[in-house]
Amino acid sequence: MTRPFLFGTNFKMNQTAAESADFYDHLIDGDSPASVQRFIIPPFTSLAAVTARKRDHPSPDGDVWIGAQNMHWESAGAYTGEISPPMLTALGVDLVLLGHAERRQLFHETDVDLNKKVAAAFTAGLRVLLCVGETAEEKGNGVGPETVARQLKIGLHGSAAADPARLQIAYEPVWSIGAGGTPARPEEITPIVGHLRALLGDRFGAAGGDVPILYGGSVDPSNAGSFAAIPEI
């Protein structure tokens, strides 16, 4: 397998442009193993400042990917407040985060919406970080595997431009996200991640084994090592 170890963070609705650029500067000052691919996902208003800082001051320890938190599937149009794929590529953005639990829950994004966004991102040449995860109710009813399978299959369905080399999957169980989340145990994560790996193999063949699967959800310095020790994470 040739997949790198990905390690990064989504800033959500935090930081000004200056603060995000300063965060990037501090990040590249630290040491990073060659086997680790770092990424940061600032708010839209910070992207121009951070991508400019990256061009002027590349990391000495390898590239740091800069991501966007969302995008529309159309390249232009009457979609007030939305951001298009060409807008992101013009900034030099490396990847786009799609399907985060907050987008699904708070902004009612459907699997069909995300299917269109995934296809548009691949067509634009962006890397895709597609989030999947089950709610506490779905977990309690024993349909966690079915839920993530539906999200993954519909998200990738029919995308002729889908490229496993530009795809990352983030498993973020909704029941473990945020201040009210329940910290997950590695033994709860491993079966779902194994199911996702099998689905990626069905979709992409051998190349599905190289698609990174990330874990996010109540991760902190005390438990990050236990999640990182899961072979498929």
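## Buried side chains and pockets in a predicted model

Lys117 sits in helix H5, residues 111-123. The model is a predicted one. Lys117 counts as buried, because its relative accessibility is 4%, under the 20% cut-off. Its side chain makes a polar contact of 2.7 Å with the side chain of Glu109. Leaving out residues up to four places away in sequence, Lys117 touches Asn70, Met71, His72, Trp73, Leu98 and Glu109. Glu109 is thus both a polar partner of Lys117 and one of the residues that Lys117 touches.

Gln151 belongs to helix H7, residues 144-156. With a relative accessible area of 5%, Gln151 is buried. The side chain of Gln151 reaches a backbone atom: the nitrogen of Gly133, at 2.8 Å. Setting aside residues up to four places away in sequence, the residues touched by Gln151 are Arg104, Asp111, Val132 and Gly133.

Asp29 lies in helix H1. Is Asp29 buried or exposed? Its relative accessibility is 64%, so Asp29 counts as exposed. From Asp29 to Leu106 the separation is 77 residues in sequence. In space, the two C-alpha atoms are 36 Å apart.

**Helix H2**

Helix H2 spans residues 44-56. Its buried residues are Ser46, Leu47, Val50, Thr51 and Lys54. Why do the buried residues line one face of the helix? Seen down the axis of H2, they fall within an arc of 130 degrees, so they share one face. The general rule is that an α-helix has 3.6 residues a turn, so residues three or four places apart point the same way. On the other side of H2, Thr45, Arg55 and Asp56 are exposed.

What covers the buried residues of H2? The cover includes two helices, H1 (17-29) and H3 (85-91). It also includes two strands, S2 (36-41) and S3 (64-68).

**The two largest pockets**

The table sets out the two pockets.

| Pocket | Volume | Lining residues | Nearest the centre |
|---|---|---|---|
| Largest pocket | about 990 Å³ | 40 residues | Gly8, Thr9, Tyr215, Gly216 and Val219 |
| Second largest pocket | about 330 Å³ | 13 residues | Lys12, Met13, Gln69, Arg103 and Phe107 |

Several elements give two or more residues to the lining of the largest pocket. They are strand S1 (5-10), H1, S2, strand S5 (127-132), strand S7 (213-215) and helix H9 (224-228). S1 gives the largest share of this lining, six residues. By class, the lining of the largest pocket has 26 nonpolar, eight polar and six charged residues. H1 and S2 contribute to this lining, and both are also among the elements that cover the buried residues of H2.

Which element gives the largest share of the lining of the second largest pocket? Helix H4, residues 101-106, does so with three residues. By class, the lining of the second largest pocket divides into six nonpolar, four polar and three charged residues. Arg103 is among the residues closest to the centre of this pocket.

Conventions. Residues are numbered from 1 along each chain as its sequence is written. This is a predicted model: local features need pLDDT of at least 70, side-chain atom pairs count only at pLDDT 80 or more; totals for chains, interfaces and linings use all residues. Side-chain values use heavy atoms; hydrogens and water are left out. Buried means under 20% relative accessible area, exposed over 50%, partly exposed in between (1.4 Å probe, protein chains only). Helices (H or I, at least four residues) and strands (E, at least two) are DSSP runs, numbered from the N terminus. The arc is that of the directions from the helix axis to the C-beta atoms. Contact means heavy atoms within 4.5 Å. A polar contact is a pair of N or O atoms within 3.5 Å; within protein, one must be able to donate a hydrogen and the other to accept it, and residues adjacent in sequence count only if both atoms are side-chain atoms. On a 1 Å grid over the protein atoms alone, a cavity is a set of points where a 1.4 Å probe fits but cannot get out, and a pocket is an open set with protein on both sides within 12 Å along at least five of seven lines; lining residues have an atom within 4 Å of a point. Grid points are joined across faces, edges and corners, and a volume is the space filled by probe spheres set on the points. Ala, Val, Leu, Ile, Met, Phe, Trp, Tyr, Cys and Pro count as nonpolar, Asp, Glu, Lys and Arg as charged, and the others, Gly among them, as polar.
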